[in-house]
Amino acid sequence: MTRLYNTDGLTFFFGQKRRKEAIFVTIAVAVFITNACRKTTPAPPAVPPAVSTADAVRQADDLYSGRADLIKVRQGIVALRQAQATDPSNYDSAWRLAKFNYYLGSHTSDQAGQDKAFRDGIDAGKLAVELQAGKADGHFWLGANYGGIAQISILAGLAEIEDIKREMQTVLKIDERYQGGSAYLVLGQVYQQSPRILGGGIEKAIEYFEKGLRIASDNALLRAHLAEAYTEAHRNGDARRQIEALLAMKPSPGYEPEYNDAVAQVKKLQEKIK
């Protein structure tokens, strides 16, 4: 049988070719794996642009204007907490946190949520007072949150009475017109709802409500609570006059939710004193 010419050389050639192909395949696989890894490696998350404390406070104020929707109040609280994390000593974010938490606590139907909101509000109010003791905001909203706790817990209420009085009396010394004379509103409620043994009394409550209305006649909630106090004191004629005056009012710009709360309150009262 005739032997093929230079079979050893052909064997060498094909052997070399196979080795080169193997090397090529190995390199190709390595490149593919490297590229695949590059493609599947997630990009680092984009760093959100820093929001200044002032911008966060403005955002929270915008959200609070729609506070009839409690979701917006909660979103405002988140914005203020972020501002506080950036600048823990910022007074404007501290007292607003107390304010937003008070509104949330007094309008949510969940008792556990109420308790948490008021206690968070107390913490924020204390910080605000610590930062700026000479301003009314921190004292007022700290006292308001003490009042919120007092309304949902009898034992806590008895303990908080003097704290509420102290903070609201401080507001009156700094600026009695703050929040439309609302320190008078809170003090009136304290005397209206406290047991006589602790100094409560309807006549003292009426005195505070009337003082508040003398400096802020457009405060709908003051009128509503004064009407209730008159009814409790068996002065139904005076109560009706306050109800009529309230229903004839137009809400102050920016205080529509509070006006609506006051109207709902006196309409229930109307049914009782027909």
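A contact here means heavy atoms within 4.5 Å. With that in hand, take the chain in this predicted model: among its contacts between residues at least 6 apart in sequence, 59% join residues at least 24 apart.

Two notes on conventions. Residues are numbered from 1 along each chain as its sequence is written, and side-chain values use heavy atoms, with hydrogens and water left out. The model is predicted, and local features need pLDDT of at least 70, side-chain atom pairs count only at pLDDT 80 or more, and totals for chains, interfaces and linings use all residues.

Confidence next. pLDDT is the predictor's confidence in each residue, from 0 to 100. The chain averages 84, and 79% of the residues score at least 70. The lowest confidence is in helix H1, residues 7-40, with a mean of 36, and the highest is in helix H4, residues 91-107, at 98. Residues 1-41 stay under 50 in pLDDT, and the model gives them 2 contacts beyond four places in sequence. Residues 43-48 are also below 50, with 0 contacts beyond near neighbours in sequence.

Now the fold. Helices are DSSP runs of H or I with at least four residues, strands are runs of E with at least two, and both are numbered from the N terminus. The chain has 12 helices and 0 strands. Of its 274 residues, 42% count as buried, where buried means under 20% relative accessible area, exposed over 50%, and partly exposed in between, with a 1.4 Å probe and protein chains only. The accessible surface comes to about 16100 Å², and carbon and sulfur atoms hold 56% of that. Those areas come from the Shrake-Rupley method with a 1.4 Å probe; for residues, only the protein chains shown count as cover.

On to pockets. The search uses a 1 Å grid over the protein atoms alone, and a pocket is an open set of points with protein on both sides within 12 Å along at least five of seven lines; lining residues have an atom within 4 Å of a point. Grid points are joined across faces, edges and corners, and a volume is the space filled by probe spheres set on the points.

The largest pocket has a volume of about 1400 Å³. Its lining has 49 residues, and Tyr 102, Leu 185, Gln 189, Leu 221 and His 225 lie nearest the centre. Elements giving two or more residues to that lining include H4, helix H5 (111-131) and helix H12 (256-272). H6 gives the most, with 8 residues. By type the lining divides into 23 nonpolar, 19 polar and 7 charged. Here Ala, Val, Leu, Ile, Met, Phe, Trp, Tyr, Cys and Pro count as nonpolar, Asp, Glu, Lys and Arg as charged, and the others, Gly among them, as polar.

The second largest pocket holds about 160 Å³ of space. Its lining includes Arg 74, Val 78, Asn 101 and Asp 120. H3, H4 and H5 each give two or more residues to it. The split is 4 nonpolar, 3 polar and 4 charged.

Two residues to finish. Val 78, from that second lining, is in helix H3, residues 70-86. Val 78 counts as partly exposed because its relative accessibility is 44%. Its C-alpha atom is 8.5 Å from that of Ala 60, which is 18 residues apart along the chain.

Ser 182 is in helix H8. Is Ser 182 buried or exposed? Its relative accessible area is 10%, so Ser 182 is buried. Leaving out residues up to four places away in sequence, Ser 182 touches Phe 140 and Asn 219.

Methods: 1 Å grid on protein atoms, 1.4 Å probe; cavity = no way out; pocket = protein on both sides within 12 Å on 5 of 7 lines; lining within 4 Å.
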